[in-house]
Amino acid sequence: MAEGETRQDLVGWKSATAAVLPPQRRENCVFCDIGNLEKETRSDILYQDEHCVAIRDIKPATDHHYLVLPRQHYRNVKHWTGTTDEVEMLERLVSMGKALLEEKNMNGTHARFGFHWEPFNSIDHTHLHVIAPVDGLGFLANVVFRPTNMWFVTSDWMEERLKKLNLDQPQTKSEE
């Protein structure tokens with residue numbers, strides 16, 4: 001790290017006081033409202049940048065259960081098709097989640113990153129669950145947040161899915 005450079009500079013996120021640009025949003029979406037600072041929330045905004053916001057889950061499954069959500073409205077990841085924009089957003093969400101755990105002195109090896117799979121989601125706005133430590137999950141939470149079951153998929157699984165979907169798309173001359 002160069003002198004005067006912080007870890008935050010390297011991962012691309014800033015504290016919750018950072019200035020942000022207003023992204024596209026969907027009316028009547030609570031996460032669009034939170035991401036654009038339009039409504040009070042029961043969760044504190046922990047970190048934000050121009051693309052993402054991190055908050056505490058209002059019903060935490062462990063001591064460190066956070067949600068990282070895009071400011072712009074993205075439907076549930078089940079609808080993602082492998083576009084470059086989606087791949088980049090997934091990388092941003094995971095990067096902010098990892099940085100948040102590092103800030104909380106949590107080891108990422110004892111964490112779970114993932115998404116609820118539609119129809120098993122309560123809000124139709126993509127949000128990454130960042131859960132640590134995994135061994136702190138109770139019985140029910142362990143069932144709900146078990147990796148790659150019918151209602152929860154890990155960020156690693158989603159990354160592989162997007163790569164496969166992207167390979168299945170026809171390439172235009174400008175992309176070849």
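This is a friendly dialogue about reading a predicted model of one protein chain.

User: Where should I start? How many helices and strands does the protein chain have?

Analyst: Start with the overall inventory. The protein chain has five helices and seven strands. Read from the N terminus, the elements run α-β-α-β-β-β-α-β-β-α-β-α. Keep in mind that this is a predicted model.

User: What share of the residues counts as buried?

Analyst: Of the 176 residues in the protein chain, 43% count as buried. Another way to look at the fold is through its contacts. Among contacts with a separation of 6 or more, 64% join residues 24 or more positions apart.

User: Can you show me pairs that are far apart in sequence? What separates the C-alpha atoms of Thr83 and Leu162 in space?

Analyst: Thr83 and Leu162 are 79 residues apart along the chain, and their C-alpha atoms are separated by 7.7 Å. Thr83 sits in the loop between β4 and α3. Thr83 is partly exposed, with a relative accessible area of 29%. For another pair, take Ala141 and Pro60, which are 81 residues apart in sequence and 9.3 Å apart from C-alpha to C-alpha. Ala141 belongs to helix α4 and is buried at a relative accessible area of 15%.

User: How do I read a helix such as α3? Which of its residues are buried?

Analyst: Here is the general idea first. An α-helix has 3.6 residues a turn, so residues three or four places apart point the same way. In α3, the buried residues are Glu86, Met89, Leu90, Leu93, Val94, Met96, Gly97, Ala99, Leu100 and Leu101.

User: What span should α3 have, and what do its end C-alpha atoms show?

Analyst: At 1.5 Å a residue, the 20 residues of α3 should span 28 Å, and the end C-alpha atoms are 28 Å apart, so the two agree.

User: What comes just after α3?

Analyst: Just after α3 you meet Asn105, whose phi is positive, at about 60 degrees. This is a positive value in a residue other than glycine. Asn105 lies in the loop between α3 and β5, and with a relative accessible area of 71% it is exposed.

User: Which peptide bond is cis?

Analyst: Look at the bond from Ala132 to Pro133: this peptide bond is cis, with omega near -10 degrees. Pro133 is in the loop between β6 and α4.

User: How do I recognise a core, and which residues have the most contacts inside the largest one?

Analyst: In soluble globular proteins, nonpolar side chains tend to be buried together. Here the largest nonpolar core has 27 residues, and those with the most contacts inside it are Val68, Trp80, Leu101, Phe115, Leu128 and Met158. The elements that each supply at least two residues of this core are β2, β3, β4, α3, β5, β6 and α5. The most comes from α3, with seven residues.

User: What does Leu128 touch?

Analyst: Not counting residues up to four places away in sequence, Leu128 touches Tyr66, Leu67, Val68, Leu93, Val94, Phe113, Gly114, Phe115 and Ser155.

User: Is His64 buried or exposed?

Analyst: The cut-off for buried is under 20% relative accessible area. At 18% relative accessibility, His64 therefore counts as buried. His64 lies in strand β4. Leaving aside neighbours within four places in sequence, His64 is in contact with Leu101, Lys104, Met106, Val130, Ile131 and Ala132.

User: How do people find empty space, and how many cavities of 30 Å³ or more are there?

Analyst: Rolling a probe the size of a water molecule over the atoms shows where empty space is left. The structure holds one cavity of 30 Å³ or more. The largest cavity has a volume of about 50 Å³. Its lining residues include Asn76, Phe115, His116 and His127. The lining divides into three nonpolar, six polar and one charged.

User: What lines the second largest pocket?

Analyst: The second largest pocket has a volume of about 190 Å³. Among its lining residues are Leu90, Val94, Arg112, Phe113, Asp156 and Glu159. The elements giving two or more residues to this lining are α3, β5 and α5. The largest share, four residues, comes from α3. By type, the lining residues of this pocket divide into four nonpolar, three polar and five charged.

Notes:
Residues numbered from 1 in each chain as written. Predicted model: local features only at pLDDT ≥ 70, side-chain atom pairs only at ≥ 80, totals over all residues. Heavy atoms only, no water. 1 Å grid on protein atoms, 1.4 Å probe; cavity = no way out; pocket = protein on both sides within 12 Å on 5 of 7 lines; lining within 4 Å. Points joined across faces, edges and corners; volume = space filled by probe spheres on them. Nonpolar A, V, L, I, M, F, W, Y, C, P; charged D, E, K, R; others polar. Core = buried A, V, L, I, M, F, W, Y, C linked by side-chain atoms within 4.5 Å. Buried < 20%, exposed > 50% of the residue type's maximum accessible area, 1.4 Å probe, protein only. Contact = heavy atoms within 4.5 Å. Expected span 1.5 Å × (residues − 1).
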